[in-house]
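The following exercises concern ring interactions and helix packing. Each task is followed by a solution in steps.

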Amino acid sequence: MTKRVVITGMALASPLGCTRETAFEKLLTKTNCVKYMPELEKYERLNTRLAAPAKDFIIPAHFNRKVLRTMGRISIMSVATAEEALKDAGLLGNEILTNGQTGVSYGSSTGALESVLEFYSMMRDFEVKGVNSGSYVKMMSQTAAVNISLYFKTTGRLIPTSTACTSGSMGIGYAYDAIKDGYQTVMIAGGAEELHPTQIAVFDTLYATSLKNDTPDLTPKPFDKNRDGLVIGEGAGTLILEEYEHAKKRGAKIYAEIKGFGTSTDGTHITNPNSETMKNALLLALKDAKISSDDIGYVNAHGTATIQGDLAESKATYEVFKREIPTSTIKSYTGHTLGACGAIEAILSIDMAHKKWFCPNVNLNEVDENCAKLGYIRGDGLELDTHYVMSNNFAFGGINTSLIFKI
């Protein structure tokens, strides 16, 4: 017998702000968080100068030197948001964290990239310098998941999801599976990414970044005819997943129930999306939730503001819903936070559903006629009372995810 899985705690660090309240207030302003970054000017042949750093993130004062020695910025944001999410859930300090009933399912595209440079200097100068006992732990792809587990002393499952832009959503999905199938009672789930010039360069070399350096407030423009590419952001999102009966017994507040999770791979191209296999992930989530597409009231789109991505995603979404389903993307505010986006977007989608207001797509002035006909939210946003929302993410490698939340 499968278990019901609910969300009892949530916290984030993001370009919108580092509390859920400030992030939602920023959404209400209907303006993005993209900034011109003068520090990018020193990189020759880097075309974009835009990014969206996590606004006002401060390292917690009680994170001492011993704690920080294995953490880069990505792990600091991950552990800090996990701590806030556990407080929100009323589980911080609870014995369930250490008795084997709690696991961690958390992801990122990479680890702390500054630590990679410590090893690079060794290969360049043929001298071991700058490398210390924490260097590898900081840079390894599972650094966020491991540091969360170490900090809270969890002894259950640890599932590191390093699946590029689906790392956060995959972290949530696999955490959901672990509880649903009876392996864990609580899971700390989500994803994170820190801002680094090399990550910006990855997309810049693919000619995928926005070049509106003089008008950062006007980009990115997902689904817009005049889009010119994505902007890289950073942040972390952590959700506390819990078996329903356990949460109910202790009187926990419940934000939402996870009803469905679907994931698929394209098997075709490393970077070009495939609308047919993207569609499969959405259908798998609906099948898992045992509901019809008609039950979904809102779709939070991946919406990167790249031509191929927008077109493939919109087509896949329309093929599933066959109607102009209300749709918007958080990336029009935060830029693309890579491994963090799935978790941040899930949190904000749930909060919007509780507020019965869904944000518009920023800078969507003229919908690209090649995009499928969805209900792209514009203007002042959409007031809507719905019980079901879907959040979708897609990644390099043809990795597709879809999550369904019931409010």
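**Exercise 1.** In this predicted model, determine which charged residue lies over the face of Y183 and which lies over the face of F24.

*Solution.* R157 is placed over the face of Y183, 3.9 Å from the ring centre. For F24, the residue over the face is K355, at 5.5 Å from the ring centre. Both distances satisfy the cut-off of within 6 Å for a charge over a ring.

**Exercise 2.** Classify the aromatic pair of F24 and W357, and locate its two members.

*Solution.* Step 1: the count of aromatic pairs comes to 7. Step 2: in the pair of F24 and W357, the centres are 5.9 Å apart and the planes enclose 80°. Planes over 60 degrees apart count as edge-to-face, so the pair of F24 and W357 is edge-to-face. Step 3: F24 belongs to helix 1 (residues 20-29) and W357 to strand 11 (residues 357-358), so the pair ties together parts 333 residues apart in sequence. Step 4: F24 has a relative accessible area of 9% and is buried; W357, at 10%, is buried as well.

**Exercise 3.** Describe how helix 7 and helix 13 pack, and state which residues make the contact.

*Solution.* Step 1: helix 7 (residues 167-180) meets helix 13 (residues 341-355) at an angle of about 70°, and their axes are 5 Å apart. Step 2: the range 65 to 115 degrees counts as roughly perpendicular, and the two helices are therefore roughly perpendicular to each other. Step 3: helix 7 contributes G168, S169 and I172, while helix 13 contributes G342, A343 and A346. Step 4: these contact residues comprise 3 nonpolar, 3 polar and no charged.

How values were computed: Residues numbered from 1 in each chain as written. Predicted model: local features only at pLDDT ≥ 70, side-chain atom pairs only at ≥ 80, totals over all residues. Heavy atoms only, no water. Axes fitted to C-alpha atoms, helices over the stretch in contact; angles between N-to-C directions. Helix = DSSP H or I, 4+ residues; strand = E, 2+ residues; numbered from the N terminus. Parallel < 35°, antiparallel > 145°, perpendicular 65-115°, else oblique. Contact = heavy atoms within 4.5 Å. Nonpolar A, V, L, I, M, F, W, Y, C, P; charged D, E, K, R; others polar. Phe/Tyr/Trp six-rings, centres within 6.5 Å; stacked < 30°, edge-to-face > 60°. Buried < 20%, exposed > 50% of the residue type's maximum accessible area, 1.4 Å probe, protein only. Lys NZ or Arg CZ within 6 Å of the ring centre and 35° of its normal.
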